[in-house]
Amino acid sequence: RDRIKSISLPTDIVEQIGKSKNIIVITGAGISTPLGIPDFRSNKGLYKFDLKKYGFKRADEMFNYAIFKEDPAKFFRAAHLILPEDNRYTILHAFLKELESKGKLLRNYSQNIDGVEDNAGISPEKIIRCHGSFNTASCQTPKCTFSTDGKKIFKLMKLQEIPICPRCAKKRPKMLAKHDFQTYGVIKPDITFFGEDLPTRYFETVDDDIEKCDLLIIIGTSLQVSPVNEIASKMPHHIPQILINKDPLLHCDFDVSLLGFSDHAAMYLAKKLKWNLNHEDFEKLRHR
Ligand code: OAD
């Protein structure tokens, strides 16, 4: 890739953030690991878990839509492992909120389904939930439009039970017996499984946002999953790209890579930018 490197040092990042007005931030599971939520592909990530007792040969089958359709019970047996717990958020999430408050955040393309951005107060219009989220859940019966607040099915998911649509409940036993239609009346969280389309909002915004963007920051993701990883390759070459990640990403080229924990990077950048972050740990750690 023939990139024009306008920035190459951590100090350049600070300057670049200071002058940018339309920053796209791509985030991944790494930004939520400080909250105890596992990422996917690290050594301790979800895809290294043994999910055989839930019926999955490999852990990544958990988000495979074809497998869900064959037997949704498997997903609901394992779902408790990834349910978002409470109202916490990280210093990095607070940093994203501050980018928004300073009028610099064009969009956060979040691959995370945990909804933690909401806890930090980031406005919904600033977030594209590329892989959906637990915020809402919908009936899987074709043409049934039943949709609900995702939190309403958390209790059942914690009990490892399948949430059933009130509109389709009566017909379900007949459909299961006669047609072997396993997802009839099943309420599925609106997470994008492999084999499903991304939310339409992603496709409605992404090209315009790439055109407007003046800085791309990629945080806590292995950038393995398309089409989100294509945002970086579609970006015009003069737009600086910064990576903040625990591990280097060898398949991509960035102007600057800050290798380490996302919260440490957020602390560093906030201090250099002389920003206050709305997070209980920020005050405690800022003088270190
Ligand atoms: P991955 O698990 O693939 O990558 C997470 C990255 O975050 C790794 O490169 C880690 O090194 C890094 N990381 C972990 N903790 C970190 C920390 N505290 N600070 C900085 N970096 C840290 O997760 P994603 O890239 O988000 O799809 O995965 C993309 C998609 O694949 C997910 O959205 C998910 C999965 O299949 C669905 O949920 C549908």
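Domain bounds, as used in this report, come from an automatic or database domain assignment. For this protein the assignment gives domain 1 (1-37 + 88-131 + 197-288) and domain 2 (40-83 + 134-191). The structure is a predicted model, in which local features need pLDDT of at least 70 and side-chain atom pairs count only at pLDDT 80 or more, while totals for chains, interfaces and linings use all residues. Residues are numbered from 1 along each chain as its sequence is written.

**The two domains**

The centres of domain 1 and domain 2, taken over C-alpha atoms, are separated by 30 Å. Two residues are said to be in contact if their C-beta atoms, placed from the backbone, lie within 7 Å, and six residues of domain 1 are in contact with five residues of domain 2. On the side of domain 1 that touches domain 2 there are two nonpolar residues, four polar ones and no charged ones; here Ala, Val, Leu, Ile, Met, Phe, Trp, Tyr, Cys and Pro count as nonpolar, Asp, Glu, Lys and Arg as charged, and the others, Gly among them, as polar.

**Strands and a helix**

Helices (H or I, at least four residues) and strands (E, at least two) are DSSP runs, numbered from the N terminus, and two strands pair if DSSP finds at least two bridges between them. Strand β1 (residues 23-27) runs parallel to β2 and is joined to it by five bridges, with V25 having N108 as its bridge partner in β2. On to strand β3 (residues 127-129), β2 pairs in the parallel sense over three bridges, and there the partner of N108 is I127.

A residue is buried if 20 or more other C-beta atoms lie within 10 Å of its own, exposed if 12 or fewer, and partly exposed in between, with C-beta atoms placed from the backbone. Strand β2 (residues 105-110) is largely enclosed by the rest of the structure, because six of its six residues are buried. Helix α7 (residues 172-179), in contrast, is hardly covered, since the count of buried residues among its eight residues is zero. After α7 comes D180, whose phi is positive, near 55°.

**Positions listed by UniProt**

UniProt positions are given in the numbering used here, with shortened feature names, and annotations may be inferred rather than shown by experiment. An unreviewed UniProt entry lists H131 for "active site", and C139, C144, C165 and C168 for "binding site". Although these four cysteines are spread over 30 residues of sequence, they cluster in space, with a largest C-alpha distance of 9.2 Å. The table sets out three of the listed residues.

| Residue | Place | Other C-beta atoms within 10 Å |
|---|---|---|
| H131 | loop between β3 and β4 (132-139) | 22 atoms, buried |
| C139 | strand β4 | 23 atoms, buried |
| C165 | loop between α6 (154-158) and α7 | 21 atoms, buried |

Leaving aside neighbours within four places in sequence, H131 is in contact with Q111, I113, I191 and T192. Counted in that way, the contacts of C139 include C144, C165 and C168, and those of C165 include C139, C144 and F146.

**Around the ligand**

A residue is near a molecule if its C-beta atom, placed from the backbone, lies within 6 Å of it. Of the 26 residues around the ligand, G28, G30, D39, T221 and S222 come nearest. The shell divides into eight nonpolar, 14 polar and four charged residues, and at least three of its residues are drawn from each of domain 1 and domain 2.
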